[in-house]
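Reader: Please take me through the assignments made for this model. I should like each term set against its criterion.

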Amino acid sequence: MSRIPQKLTMAVIIGNRGFFPSYLVAEAREQAVALFSRLGINTIMLNETQTELGGVETRQDAKICAELFRAHRDEIHGVVVLLPNFGDEKAVAETLRLSGLNVPVLVQAEEDNLDKMGLATRRDSFCGKISLCNNLRQYGIPFTLTTQHVCALSGEVFARDLQRFEQICRVVSSMRGVRVGAIGARPAGFNTVRYSEKLLERLGIAVETLDLSEVFTRIKTLRDDDIRVDEKRRLLVDNADASAIPADKLVTMAKLFVVLSEWVTANDIDTTAIQCWTSLQENLGINVCSIMSVMSGQLMPSACEVDVMGALSMYALASANMSPASIADWNNNFGDDRNKCVLFHCGNFASASLESPKMGTADIIGTTVGKENTCGAVHGRLKAGALTYFRLSTDDLTGEIKAYVGAGQSVDDPLDTVGCRAVIAVPNLENLLAWICRNGFEHHVAMNHAASAEILHEAFSRYLGVETYLHH
């Protein structure tokens with residue numbers, strides 16, 4: 001089961017400054033409770049008995065609020081700061097510092113009304129937000145801004161900003177402490193998917209390895225009529241039309257699926273990268289593509305050719321919007337249209353993203369290992385719609401992890417080929433491809449049906465310390 005958090009918990013700070021109307025704090029708290037409840041987000045926030053109206057204004061307020069947050073530290077995915085009036089920038093910043101939280105922070109400031117600019121009703125949150133952000137920068141606390149400098153707490157602009165922030169928090173939470181399973185050795189001809197485990201450790205990302213010889217040994221201990229084998233076979237058949245696949249091949253695939261799943265569970269693995277050729281074909285007479293497709297559909301993405309960084313890229317995409325991600329090659333030009341290209345892989349895409357997915361053979365690999373030994377590849381055309389593409393990479397030359405992300409469209413232009421394929425349209429594609437080549441990125445790219453490019457850019461560049469290029 002995927003460990004990407006579905007329901008998030010936000011710590012909420014309501015800033016206050018005493019010579020502004022106090023009822024604004026109580027009003028903000030009431031509106032916040034209603035909004036977070038409507039969006040299905042849990043909250044940790046002060047109540048009216050812990051500080052004046054549940055706001056944060058003084059050093060003592062900051063200590064009380066920070067203590068509350070520390071008590072719920074393992075539950076909190078992000079912090080939302082609300083400024084119903086100017087607020088006390090120092091008290092809010094002190095709260096964050098004392099809490100010890102290392103999560104994304106969203107800053108909202110309420111808008112003033114032109115007919116309420118008197119001393120009894122004015123807010124000055126417009127100015128207070130600038131002061132708070134200045135303090136946060138002094139304290140070295142990264143933060144996210146709302147779309148508008150000031151916006152109504154009860155309005156749709158802020159509701160959308162909060163939902164976007166929720167996605168950012170989910171990505172950051174998911175990527176910290178993620179565990180990758182590298183199954184089998186990197187194919188000898190693919191230097192492109194080399195990576196640095198030591199650089200990944202800087203982000204708290206662990207890589208666990210499993211040799212294919214251990215997989216083959218465990219498969220031999222499974223009986224054809226084992227209930228676990230039948231359960232996995234049913235998952236494979238439900239994932240894509242498998243009517244053309246011999247029954248014995250499906251059983252072998254199911255056994256492989258059992259072994260991989262039990263190892264994943266035993267080692268708390270979140271995402272996998274598998275040596276998909278040619279050892280599996282030569283030893284088992286099957287492809288692992290359908291198994292990878294099922295796992296990706298379960299939000300436990302699986303990448304081809306032991307592409308660990310590709311698997312992490314898929315995991316980031318899946319965590320942003322809780323939808324399956326796939327991985328493909330930047331593979332072919334699309335005629336003379338330089339803003340379109342073909343993405344292709346033998347057959348590992350998540351079936352939910354495909355038109356009429358079918359299980360078949362991998363014809364390209366089949367030319368070297370025999371077509372009959374490649375049963376299990378998924379064939380299908382990527383559905384049309386919005387697309388986000390993303391790629392993480394470790395760069396040993398600079399000692400850094402880097403990434404690129406962008407938005408595109410999967411289009412339904414005619415394409416006559418096999419496997420998992422897509423025609424995608426990307427603005428200024430030639431510039432992107434030149435950038436990929438000049439910066440030493442791999443030929444694989446992760447993608448899913450989403451519009452989360454800016455979310456991933458914010459999460460990785462602002463909170464995870466990964467230099468990320470956002471393509472336009």
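Author: The following exchange treats sheets, helix packing, cysteines, one loop residue and an annotated span.
This is a predicted model, in which local features need pLDDT of at least 70 and side-chain atom pairs count only at pLDDT 80 or more, whereas totals for chains, interfaces and linings use all residues. Residues are numbered from 1 along each chain as its sequence is written, and side-chain values use heavy atoms, with hydrogens and water left out.

Reader: What makes β2 and β5 edge strands of their sheet?

Author: Five strands form an open sheet with parallel pairing, in the order β2-β1-β3-β4-β5. Strands here are DSSP runs of E with at least two residues, helices are runs of H or I with at least four, and both are numbered from the N terminus. β2 (42–45) and β5 (144–145) each have a single partner strand, so one side of each lacks a neighbour in the sheet.

Reader: How do you know that β3 and β4 are paired?

Author: Two strands pair if DSSP finds at least two bridges between them. Strand β3 (residues 78–83) and strand β4 (residues 105–109) have five bridges in the parallel sense, so the criterion is met. Within this pair, L82 is opposite Q108 of β4.

Reader: Which strands stand at the edges of the sheet with the order β7-β6-β8-β9?

Author: That sheet is open, has four strands and is paired in parallel. Its edges are β7 (206–210) and β9 (302–303), each with a single partner strand, so each has one side without a neighbour in the sheet. Strand β6 (residues 179–183) pairs with strand β8 (residues 271–274) over four parallel bridges, and A182 has A273 of β8 as its bridge partner. Helix α9 (residues 247–266) lies across β6, β7 and β8 and runs at about 145 degrees to β6.

Reader: Why is α8 called roughly perpendicular to α9?

Author: Axes are lines fitted to C-alpha atoms, for helices over the stretch in contact, and angles run from 0 to 180 degrees between N-to-C directions. Angles under 35 degrees count as roughly parallel, over 145 as roughly antiparallel, 65 to 115 as roughly perpendicular and the rest as oblique. α8 and α9 pack at about 110 degrees, with their axes 8 Å apart, so α8 is roughly perpendicular to α9. Contact means heavy atoms within 4.5 Å; the residues that meet include L235 and L236 in α8 and F257 and V258 in α9.

Reader: What is the relation of α8 to α11?

Author: Helix α8 (residues 227–239) and helix α11 (residues 289–297) pack at about 85 degrees, their axes being 10 Å apart. α8 is therefore roughly perpendicular to α11. L235, L236 and N239 of α8 make the contact with S290, I291, S293 and V294 of α11.

Reader: How many disulfides does a search of the whole structure find?

Author: The search finds zero. A disulfide is a pair of cysteine sulfur atoms within 2.5 Å. For C289, which is in no disulfide, the nearest cysteine sulfur is that of C346, 5.8 Å away. The sulfur of C341 is 12 Å from the closest cysteine sulfur, in C437, which is too far for a bond.

Reader: Why does C289 count as buried?

Author: Buried means under 20% relative accessible area, exposed over 50% and partly exposed in between (1.4 Å probe, protein chains only). C289 has 5% relative accessibility and therefore counts as buried. C341, with a relative accessible area of 6%, is also buried.

Reader: Is E111 buried, partly exposed or exposed, and where is its place?

Author: E111 has a relative accessible area of 32%, so it is partly exposed. Its place is in the loop between β4 and α4 (125–139). Apart from neighbours within four places in sequence, E111 is in contact with R123, V150, C151 and A152.

Reader: What makes β14 mostly covered, and which strands pair with β14?

Author: Ten of the eleven residues of strand β14 (residues 385–395) are buried. Eleven antiparallel bridges join β14 to strand β15 (residues 400–411), with Y389 partnered by G406. β14 and β15 form a hairpin with four residues between them, and G399 in the turn has a positive phi of about 70 degrees. β14 also pairs antiparallel with strand β17 (residues 444–448) over three bridges, where F390 is opposite A446.

Reader: Which residues does the annotation "domain: L-fucose isomerase C-terminal" cover?

Author: According to the unreviewed UniProt entry, the annotation covers residues 343–470. UniProt positions follow the numbering used here, feature names are shortened, and annotations may be inferred rather than shown by experiment. In the model, the end C-alpha atoms of residues 343–470 lie 20 Å apart, and the span is 22% helix and 45% strand.
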